[in-house]
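Okay, thanks everyone, let's get going. I'll put the structure up and walk through the pockets, then a few spots inside the fold.

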Amino acid sequence: MPRISYLGPEGTFTEEALRLLEPGAEQLSCANVTAALNAVRNGEADGAVVPLENSLEGGITTTLDEFAWGEPLLITAELLLPVRFSLLARPDTEIGHIKRVYTHPAAITQCRAFTSRELPDAVVVSAPSTAAAAQEVALPGSPYDAAIAAPIAGEHYGLVELAGDIGDRSDTVTRFIRVSRPGALPEPTGSDRTTLVVFLADDHPGALLEMLTEFSVRGVNLSRIESRPTRDGIGHYFFHFDFEGHVADARVGEAISGLHRICEQVRFLGSYPRADGVAPQIKRGTADADFAEAGQWLARIRAGQV
């Protein structure tokens, strides 16, 4: 039975994602994303489940930065989890009496319309996680009247749901990933995703275009590109890339090799099955057979067989 760390405490969306990605696994609750990933790095856990991006808010910056600066880890699976927020409170609490609400910053943003409309006089305070907010509200004498959290958190901590599905958008999805220490990669499935962190060698006109060209000329479709500061001052950034395909695919391997030649550093974060099962459209001339035939043709040319 694998031991899997996750962003705790019990009742987070991450715990729900872990149950779907690793049914029956031993769960190790951690205080934050960094602690969950470090548990894998130091061998305390066999893997971790952490959030990577949200369809409304974009990338989870802590996770993105951990992959850029922390000891290497590999993504081995992903899950797209619909996000449903509830307003949770102690039994007998009336919504009109709520003055202080506790929740994670992402939930504050994603439920802004509800809180403005239904709780206009309430103060909303940031918590380490939605589950931690529910846990705090459940304590006797808590300074908070309600929490915004996943419905599962109410079940864990004995809170009642005063309002459900309170997010600004009903189609919000969070992408969770399972990571492990470096090792064998998942086999190609024909519907895969590859993730990289790329640092520029130097900042010059067209530097980003040069990176993008490595993908474009090989028919590799990007599904996400996100910049993050390098910590070396204003205007200096590195980049996260998600794109279709597996490193075992010729077009993907060629693109990564091209980036390695022109960039200061390329961190390979994994090739793994896509959660949505979408297969890439292979551009003419970029299938594995096309690369193989081109290599054979070049070998003949070099041998003088013109």
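So, the largest pocket: in this predicted model, its volume comes out at about 530 Å³. There are 26 residues lining that pocket, and the ones closest to its centre are Leu7, Pro51, Ile60, His104 and Ala106. Where does the lining of the largest pocket come from, in terms of helices and strands? At least two residues each come from helix H1 (13-21), strand S3 (47-54), strand S4 (58-59), helix H3 (61-69), helix H4 (105-110) and strand S11 (173-180). H4 gives the largest share, at 3 residues. For those of you thinking about chemistry, the lining of the largest pocket splits into 12 nonpolar, 13 polar and 1 charged.

Okay, next one. The second largest pocket holds about 210 Å³ of space. Its lining is Phe199, Leu200, Ala201, Asp202, Asp203, Thr230, Asp232, Gly235, His236, Tyr237, Phe239 and Glu264. Two elements, strand S12 (192-200) and strand S14 (237-244), give two or more residues to that lining. By class, we have 5 nonpolar, 3 polar and 4 charged residues around the second largest pocket.

Let's stay on S12 for a second, since Thr194 sits in that strand. Is Thr194 buried or exposed? Thr194 has a relative accessible area of 0%, which is under the 20% cut-off, so we call it buried. And what does its side chain do in there? A polar atom of the Thr194 side chain lies 2.7 Å from the backbone oxygen of Gly245. If you leave out residues up to four places away in sequence, Thr194 touches Phe241, Asp242, Phe243, Gly245, His246, Val247, Val252, Ile256, Phe268, Gly270 and Ser271. So Gly245 turns up in that contact list as well as in the polar pairing.

Now, closed spaces. How many cavities of 30 Å³ or more does the structure hold? The count is 1, and the largest cavity has a volume of about 30 Å³. Around the largest cavity you'll find Leu56, Val83, Phe85, Gln110, Gly167, Asp168, Arg169 and Thr172. That lining divides into 3 nonpolar, 3 polar and 2 charged residues.

Moving on to helix H2, residues 33-41. Which residues of H2 are buried? Those would be Val33, Ala36, Leu37, Ala39, Val40 and Arg41; and yes, there's an arginine on that list. The cover over the buried residues of H2 includes strand S1 (3-7), strand S2 (26-30), S3, H3 and S11. Three names there should ring a bell: S3, H3 and S11 also supply residues to the lining of the largest pocket.

The two ends of H2 are worth a look too. At the start, a side-chain oxygen of Asn32 reaches to within 3.3 Å of the backbone nitrogen of Thr34. Following H2 there's Gly43, with a positive phi, near 85°.

Last bit, cysteines. How many disulfides does the structure hold? The number is 0. As for Cys111, its relative accessibility is 0%, so it counts as buried. Cys263 has a relative accessible area of 8%, and that is under 20%, so Cys263 is buried as well.

Right, that's what I had. Happy to rotate the view if anyone wants another look.

Notes: Residues are numbered from 1 along each chain as its sequence is written. This is a predicted model: local features need pLDDT of at least 70, side-chain atom pairs count only at pLDDT 80 or more; totals for chains, interfaces and linings use all residues. Side-chain values use heavy atoms; hydrogens and water are left out. A disulfide is a pair of cysteine sulfur atoms within 2.5 Å. Buried means under 20% relative accessible area, exposed over 50%, partly exposed in between (1.4 Å probe, protein chains only). On a 1 Å grid over the protein atoms alone, a cavity is a set of points where a 1.4 Å probe fits but cannot get out, and a pocket is an open set with protein on both sides within 12 Å along at least five of seven lines; lining residues have an atom within 4 Å of a point. Grid points are joined across faces, edges and corners, and a volume is the space filled by probe spheres set on the points. Helices (H or I, at least four residues) and strands (E, at least two) are DSSP runs, numbered from the N terminus. Ala, Val, Leu, Ile, Met, Phe, Trp, Tyr, Cys and Pro count as nonpolar, Asp, Glu, Lys and Arg as charged, and the others, Gly among them, as polar. A polar contact is a pair of N or O atoms within 3.5 Å; within protein, one must be able to donate a hydrogen and the other to accept it, and residues adjacent in sequence count only if both atoms are side-chain atoms. Contact means heavy atoms within 4.5 Å.
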